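The following note sets out points for a colleague who is about to examine the model shown here. Each point takes up one topic and may be read alone.

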Amino acid sequence: MNRRELLKQLGLGLSAGVLIPPFLESCSKDASGPEVQYDGNVIVIGAGAAGLYAADILRIKGINVTVLEAASQPGGRVRSLRNQTNVQYQTFSNASQADFPVELGAEVIYGSNSSWGKIISDLGITTKEINPMASRYILDNAAKPAADWASDSDFTSVQTFVSGLPNYVGSSSMQSAAGLSNRAQTLLNSQTGNYFGSSSDKVSAGGVAESLKLITHDSKQLTTFANPWEDILISRFNGVLPQVKFNTVVSQIDWGTNVITITTKDGAKYTCTKLVVTVPLAILKSGGISFRPALPSTNTSAAAKFGMDASVRMILDFKNNFWGLDSSFILGGATVPHYFNSGVNRSKLYRTLSLTIYGQKAEQLSALSDLEKVKLVLSELDLIYAGQGTKYIRRDLNKPEPNIAKGEDPYSNILFLIQDWAKDEFTKGGFSYPLVGATLQDRKNLAAVASNRLYFAGEATDFSGDAGTVSGALNSSVRVVDEIIKSILNK
Ligand SMILES: Cc1cc2nc3c(=O)[nH]c(=O)nc-3n(C[C@H](O)[C@H](O)[C@H](O)COP(=O)(O)OP(=O)(O)OC[C@H]3O[C@@H](n4cnc5c(N)ncnc54)[C@H](O)[C@@H]3O)c2cc1C
């Protein structure tokens, strides 16, 4: 099935037809033309945001670069529904008029002037800012805006802890550092555990605080209005795409000599003089790629200090925006810590919730069948919104609506989308986060160059404050290219 057919099946339509202009290299700060003389060649492993950006800058500097990508498409954890053919979904047709970017991975731009924010604004893409006051917070199975919880001491304690986080010093988990009541825990988990890729008992408060202090971009949160993110990456990095070899799964790296040999799963060999590894931390930690000799202990000890947990994205479409047209994030669910009203600032016709779950809760969901996952989510929504989840969930229009009053199965013919990132063999999780005891220096050690030939980029290696985000991935590319060029020039 091609992507147009898939979208039609899903009833989501093609993206709103907003064209992205091809990226104008002459406008780029990296576009100063060939300027580095280098007889060797660089291979980049991974064509996610980090790999594409690193390869693009190297290409523009006149360096011979090739990208080896395991998947059949670029983007990595930037993945938009409209380009997929293998997402788990229930088939349906014309069930929804929604016509907006449905993201299976990253969906929020953190910082209008962050690295990713700048790329999007350079391309002239329309964005919508998410109003910070539009979040809803769940306590006692009620989802209300901050103002309505203002006199609730558990709510205010969580918010005080969150806003004071950049100044936290210590080596405790978020949960221990906050020291709050049982009633506050699901909300705390949403805002300080799930938000950072895991749960509040695992994420290090001190580790996160060190990063937050370094952020120099603004704290705006935005979505693109009509352009799927994968299309944006493809447009921005179209100049380097001819250098990408897709369906090329790297399995072994022999880096002990000046010429590095890379062996793929199907036995092909590539050689280079400098290698940039951008694969997700979970791939590195799982031993999915074997390094000969083994990676230096500086890098492996640092890798052990970061987690990259399970991650599930679910997209559910409804016939009614019962959560409130103007609400954005709905935070603090016991099953789903993070709901996002994808239609906010777009159209009241977009009645879709995008759910993001990390850590143990994602593992639990992942172990269930798809329908069981959806049932669990609907039972949470039913509890919070008086039965409206099951009542308004979209069903296959080609099949009869169940008569729930007459005892027919309320869960029949439900439509949904699920992306289970832990089960994606080239990702194996959500994004990196500091375990208790990890410091910023550990991120630097994770990124440490080995023997002037093995380099590391990717979100987990960003130590400028944006690890775990698309901007972090991009920042790491600028850093790694700088390291490579310095090493070439110092030769
Ligand atoms: C559910 C979810 C929601 C998120 N939400 C946001 C958000 O709202 N905002 C935000 O900024 N960030 C978000 N993130 C994080 C963001 O997506 C990542 O930080 C960023 O995309 C990582 O880019 P990367 O290039 O470092 O890694 P990746 O994008 O993972 O790229 C690595 C590439 O390496 C390839 N690869 C793996 N193994 C091999 C191999 N053996 N051989 C060859 N290639 C290989 C992979 O296929 C992949 O293409 C989210 C992530 C997830 C999972």
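In which loop is Lys 428 found? The first point takes up this question.

1. Lys 428 lies in the loop between strand E20 (416-420) and strand E21 (432-434). The model is a predicted one, and in it the phi of Lys 428 is near 65 degrees, a positive value in a residue other than glycine. Lys 428 counts as buried because 22 other C-beta atoms lie within 10 Å, the threshold for burial being 20 or more.

2. A second backbone point concerns Ala 386, whose phi is near 50 degrees, again positive in a residue other than glycine. Ala 386 belongs to the loop between helix H12 (370-384) and helix H13 (388-392). With 11 other C-beta atoms within 10 Å, Ala 386 is exposed. Most residues other than glycine have a negative phi, and most peptide bonds are trans.

3. One peptide bond also deserves attention: that from Arg 292 to Pro 293 is cis, with omega near -5 degrees. Pro 293 sits in the loop between strand E14 (290-292) and helix H10 (297-303).

4. On confidence, the protein averages a pLDDT of 90, and 89% of the residues score at least 70. Two segments need caution. Over residues 1-17 pLDDT stays under 50, and the model has 40 contacts beyond four places in sequence for this segment. Over residues 24-29 pLDDT likewise stays under 50, with 5 contacts beyond four places in sequence.

5. As to the overall fold, the protein contains 15 helices and 22 strands. Of its 491 residues, 49% count as buried. Among contacts with a separation of 6 or more, 74% come from residues 24 or more positions apart.

6. The ligand is surrounded by 43 residues, of which Gly 46, Gly 48, Gly 76, Ala 106 and Thr 469 come nearest. Helix H2 (49-60), strand E16 (311-317) and helix H15 (470-489) are the elements that give two or more residues to this shell. H15 provides the largest share, 4 residues. By class, the shell comprises 22 nonpolar, 16 polar and 5 charged residues. Where does the shell lie with respect to the domains? Domain 1 (33-74 + 237-308 + 435-489) and domain 2 (81-224 + 310-423) both contribute residues to the shell, so it lies between them.

7. H2 merits a description of its own. The helix has 12 residues and reaches 16 Å from its first C-alpha to its last, close to the 16 Å expected at 1.5 Å a residue. All of H2 is covered, in that 12 of its 12 residues are buried; among them are Ala 49, Tyr 53, Asp 56 and Arg 59. The buried residues of H2 pack against strand E1 (42-45), strand E2 (65-68), helix H8 (229-236), strand E13 (274-277) and H15. Just after H2, Gly 62 takes a positive phi of about 90 degrees.

8. Within H2, Ile 57 may serve as an example. Why does Ile 57 count as buried? Ile 57 has 23 other C-beta atoms within 10 Å, and burial requires 20 or more. The C-alpha atoms of Ile 57 and Phe 237 are separated by 9.9 Å, although the two residues are 180 residues apart along the chain.

9. H15 has 20 residues and reaches 29 Å from its first C-alpha to its last, close to the 28 Å expected at 1.5 Å a residue. Its buried residues include Val 470, Leu 474, Ser 477, Val 481 and Ile 484. They pack against E1, H2, strand E4 (109-110), helix H3 (115-122), E13 and strand E22 (454-456). E1 and E13 are also among the elements against which the buried residues of H2 pack.

10. The last point concerns Lys 128, which is placed in strand E5 (residues 127-129). Is Lys 128 buried or partly exposed? Lys 128 is partly exposed, because 15 other C-beta atoms lie within 10 Å. Not counting residues up to four places away in sequence, Lys 128 touches Leu 222, Thr 223, Phe 225, Asn 345 and Arg 346. Lys 128 and Ala 226 are 98 residues apart in sequence and 9.8 Å apart in space, C-alpha to C-alpha.

Definitions and conventions:
Residues are numbered from 1 along each chain as its sequence is written. This is a predicted model: local features need pLDDT of at least 70, side-chain atom pairs count only at pLDDT 80 or more; totals for chains, interfaces and linings use all residues. A residue is near a molecule or strand if its C-beta atom, placed from the backbone, lies within 6 Å of it. Ala, Val, Leu, Ile, Met, Phe, Trp, Tyr, Cys and Pro count as nonpolar, Asp, Glu, Lys and Arg as charged, and the others, Gly among them, as polar. Domain bounds come from an automatic or database domain assignment. The expected span of a helix is 1.5 Å times one less than its number of residues. Two residues are in contact if their C-beta atoms, placed from the backbone, lie within 7 Å. pLDDT is the predictor's confidence in each residue, from 0 to 100.
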